[in-house]
Amino acid sequence: MQRAADLLVDCLVAHGLDRLFCVPGESYLALLDALAERPEIDVLACRHEGGAGFMALADAKLTGRPGLVAVSRGPGATNVSIAIHSAQQDAQPLLVLIGQVARWERGRGAFQEVDYVKTFADMAKGIWEVENADRLPEVIARALHAAQSGTPGAAVVVLPEDMLGDQTAASVEAPYPLPASGPNADDLRQTLALLEKAERPLLIAGGKLDHPAGRRALANAAEAHHLPVALTFKHQEIFDNASPLFAGQLGFKIPRPAVEALSRADLILAVGTRLGDTPTQGYQLPKAPQPDQPLVHVYPDQAQVGRVFRTDLGLTCDPARFLEALAAANAAVPDQRRQWVDAVGEVSKRLRGYRVRQFDDGLDFGVVVKPIAEQAPGDAIVVTDAGNFSSWVNALWPWDGSQRALGMVGGAMGLGVPGAVAASLRHPDRTVISFTGDGGLMMTGNELASGIAAGAKPKIVVCDNASYATIRLHQEREFPRRTVATDLVNPDFARWAEAFGAKGFTVTREEEAEPTVTAFLAEPGAALLSVKASLEGIASSTTISKLRGG
């Protein structure tokens, strides 16, 4: 017999989970006690449950295993909901452990009592409340299987505080095997038949290919069949952007000429993506519900294939295995296809070209991004928070298909610092560079304290333009000169970082950029670089004056 809390730790270790991000709470004290003498699981105390959840998601992206976060009941659980929603949007596996009121208090409106089945029903893959300690091993195995199957997401396990103290003779359940399959011969024949007819095929590649085998298969299949590759939002790093086959990134509101060029495709192969509204440019590429061209959709979740678009060939199989099989199949490449690749590649190259601009109200953010991209180690891990500033990173970073990058497909602000902390802890031997805005930094920047306490050494770059600039951009586009609730008053971010124990740097003039970047990257510990950026230069591709029609 052993305590349920100790059995829970045994289960987590058996499933390969080695790091827990948490904000401690009295509703799961027994679990914290069980972790006290278990070095197999590193416990990181965070300053806010949202930050803890972002760290767990970043860890999941880096390891390919479910991220692990524990929070207390009520306020703790609702604070971590941003991670549960982001796990759904990003298709990332996450195990969320939530303390609960004692079983004898349930249903009485007890202090901080919440019905988590109701609260998280439309965000999580599943919610299990463990009433019987003997069921813990089964629930953990089922929850982790659900978190990783089909479209990955969050699995929520609710732990009544009195249950964690129960004695149990139950034993650990081994991990349940995950389903995985490749395309059958008939699927491959049909795909090749469609490709043979196509003069202008387009391969849209998504996040399910973001692992070494997936990236290799993508490069090999594109090369074998001379396919232009368009990458989905926040996955620009999975294919060589210097390749003549690179057709751009399908992020938010890409320039109209790019959409028009790619829309000329006479076949779309969508592989490893759910084809949401962002990569399809508002369900226009392909067009919903009836695409303008044949559509082959490859994704391991049957619920996603054919759900929004009429799909000529839907394959619910492993995307990497599909591309491996496609790469191995011989097929002639018509001359028209080579012309098509050249045409879309030229449009993509022209739109990616970037020249630093001059503004009166601050720096073009590219003044700093460019030397960072040039000086950063080749194996640097790049974290991008949500915001317009990432457009400079997308344009200027030399993505060659080998780098690791972390970003939130769901667009949640606040990943910048927590994601960098998680990456630095997971890869202490590599440089971790995080780009964030002043808005996102002040949402979760307190996690810099958590990271420094644990020995993390992230490099944080802040675009300080005193604005929620993405929303300001939309305001200027829809309601020019009518600005409400987007202006910010910021601290001195360099001094703010130094208060946490990091080294602070500030760039206010263009001539300071290169030497400051050199010193910033050379700093052996955690560091923050504040860039006094122009608000007029609100994004890499536009200005406020241009948005206003000026």
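Phe365 and Trp392 are both buried (under 20% relative accessible area, with over 50% counted as exposed, values in between as partly exposed, a 1.4 Å probe and protein chains only). The model is predicted, so that local features require pLDDT of at least 70 and side-chain atom pairs pLDDT 80 or more, whereas totals for chains, interfaces and linings use all residues. Residues are numbered from 1 along each chain as its sequence is written, and side-chain values use heavy atoms, without hydrogens and water.

Aromatic rings of Phe, Tyr and Trp (its six-membered ring) were paired if their centres lay within 6.5 Å, with planes under 30 degrees apart taken as stacked, over 60 as edge-to-face and the rest as tilted. This rule gives 9 aromatic pairs. In one of them, the ring centres of Tyr283 and Phe309 are 6.1 Å apart and the planes lie at 45°, so the pair is tilted. Tyr283 is partly exposed, at 32% relative accessible area, while Phe309 is buried at 4%. The rings of Phe365 and Trp392, with centres 5.7 Å apart and planes at 80°, form an edge-to-face pair. Trp397, Trp399 and Phe435 form one aromatic cluster.

The axes of helix 13 (residues 366-375) and helix 20 (residues 513-522) come within 9 Å and cross at roughly 50°; helices are DSSP runs (H or I, at least four residues) numbered from the N terminus. The two helices are therefore oblique to each other (neither under 35 degrees, roughly parallel, nor over 145, roughly antiparallel, nor 65 to 115, roughly perpendicular).

Methods: Axes are lines fitted to C-alpha atoms, for helices over the stretch in contact, and angles run from 0 to 180 degrees between N-to-C directions.
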